[in-house]
Amino acid sequence: MTASSFPVLSALIFFPLAASLALLAVKGEEAVRRLTLAAGLAEITLALPLAGFDLASGGFQFVEKASWVPQWGLTYHLGIDGISLLMILLTVALLPLCVLCSWHYISRRIKEFHIVLLLMTSACVGVFAALDFVLFYLFWEAMLVPMYLLIAVWGGPNKRYASIKFFLYTLAGSTLLLVAIIAFYAAGGTFSIPELMTKTFSPRLQFWAFLAMALAFAIKCPMFPFHTWLPAAHVEAPTAGSVLLASVLLKMGTYGFLRFCMPLTPDACVTFAPLMIALSLASILYGGVIALGQKDMKKLIAYSSVGHMGFVTLGIFLFSQRGVEGAVMQMLNHGITTGGLFMLVGAAYERSHSREISENMGLGKYLPAYMFFFGLFSLSSLGFPGTNSFVGEALVLVGAFQESLLVGGLAIPGAMLAAAYMLRLLQKLAWGEPGKGATFTDLCPREWIYLAPLAVFVLYIGLAPTMTLKVMDPSIDKLLKDFSARTEYTATARPINLAHTPVMNGKEANQ
């Protein structure tokens, strides 16, 4: 582990919290917006020391550790590796963009809305930085409240139903996660995540702990069939809520699989790999088919997220270098691309006051700049070569075909479905029979500002993914090396048999 003299992670966690308290004393809607935007830009500035991240190290860096509740064995323990670094940078970068895309969209309880955005940022950064299990759980739970409020207070007509469903689903998963945390403490004698990673737990504990954690993380992703809360939450949430939900919150589930399931329950991961791969393929195909039939732009993108996150979980449970690289790459790419698409849907809604495709057709003739960004993000979403999502999907598919022709073959229709529903949407918006488009105005400077950075990353990662891979590869190498050593399992040694429990070097996984 490497430590930092400046507590950069604590600063990133608590600065938005301090800014939210400062907002309480601010008067005037415009002043609230400007101060929150300034706080978002300051948060990015506070993240600049992370540029000193050692790309050659796969361990935790920028470590902060202090006694918290000694009699309970609790420590304030923070640190990041290459995987969590990417997620924190994504979270921090989205805060000012969410403020900008909500500038006119949110017209009531403006101060409270921006306070909630800041609290959400604090909790999300905490989730990705925590190295104490209880600290992680506190941030995990703290994140639920701001997201619930974003939907329940500033959501659409069915916001009550959507917010309660979101809260109940995620709370149920969180309860199971808490049970697993207590079980690991009872068996390992510590809440320290790095220390727990060095211990070997009994097959029985791994079995039940994996089931508890996997259900919590599968709900958060969400995986089929635990996805039903997602479309309602996306449709009813305000634009900034949908962006944070898709770009950050969904990644907490897949992050949990990488951070906890693989290191702490490796044998159980191998045992349940066929089931998890099957559910991932089901998510890919189901999300694509349902998205193809949607008439609401926001609901279409919401169901596409089910399919895209299916690629992420598929890559994880291949247990191969290419598969996990593709999974982490897609975690980042999905946040960039889907966040941009939700912002564009919000911009269209501000003009037409409708998210129906039929009410927003023919925009290509009147809004060329808008359609440029929509076309770029749409091509990224379907994995077009030269865009960021192509790199991630290609890596996952390479890993899938290396593992099994059957798995790779079943994933291909998901990529084809993504092309079908995104090109259908793009065709109708660009060249459909014009509706109200003649009365619309094109993108304003504020909209250019929050869309352009995401567009740059779509092209940068798509055309030059080397730097992103350099950041994550040492951590992925260490993760897979430890996983392989503890399970005596090499993913490329034999194909996965989806009909039977995997066997590791002649020994049953449950021995």
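What volume does the largest pocket have? In this predicted model, the largest pocket has a volume of about 720 Å³. Its lining counts 26 residues, and Leu86, Leu89, Leu90, Ala93 and Phe457 are the closest to the pocket centre.

Four helices each supply at least two residues of this lining: H3 (82–101), H14 (321–352), H18 (445–463) and H19 (466–487). Helix H3 gives the most, with 9 residues. The chemistry of the lining is one-sided: 25 residues are nonpolar, 1 is polar and none is charged.

Now turn to the second largest pocket. Its volume is about 320 Å³. Of its 17 lining residues, Phe60, Met197, Lys478, Leu479 and Asp482 lie closest to the centre. Helices H8 (193–197), H11 and H19 each give two or more residues to this lining. Here H19 gives the most, with 5 residues. By class, the lining of the second largest pocket divides into 8 nonpolar, 4 polar and 5 charged residues.

Helix H11 leads on to the nonpolar core. The largest such core holds 190 residues. Among its members, Leu50, Ile88, Phe133, Phe257 and Tyr370 touch the most others. Helix H11, residues 239–264, gives the most to this core, with 16 residues.

Phe257 shows how the packing looks around one of these members. Neighbours within four places in sequence are set aside here. Phe257 is then in contact with Ala214, Phe217, Ala218, Cys221 and Met223. Its other contacts are Met262, Met276, Thr313, Ile316 and Phe317.

Key: Residues are numbered from 1 along each chain as its sequence is written. This is a predicted model: local features need pLDDT of at least 70, side-chain atom pairs count only at pLDDT 80 or more; totals for chains, interfaces and linings use all residues. Side-chain values use heavy atoms; hydrogens and water are left out. A nonpolar core is a set of buried Ala, Val, Leu, Ile, Met, Phe, Trp, Tyr and Cys residues joined through side-chain atoms within 4.5 Å. Buried means under 20% relative accessible area, exposed over 50%, partly exposed in between (1.4 Å probe, protein chains only). Contact means heavy atoms within 4.5 Å. On a 1 Å grid over the protein atoms alone, a cavity is a set of points where a 1.4 Å probe fits but cannot get out, and a pocket is an open set with protein on both sides within 12 Å along at least five of seven lines; lining residues have an atom within 4 Å of a point. Grid points are joined across faces, edges and corners, and a volume is the space filled by probe spheres set on the points. Ala, Val, Leu, Ile, Met, Phe, Trp, Tyr, Cys and Pro count as nonpolar, Asp, Glu, Lys and Arg as charged, and the others, Gly among them, as polar.
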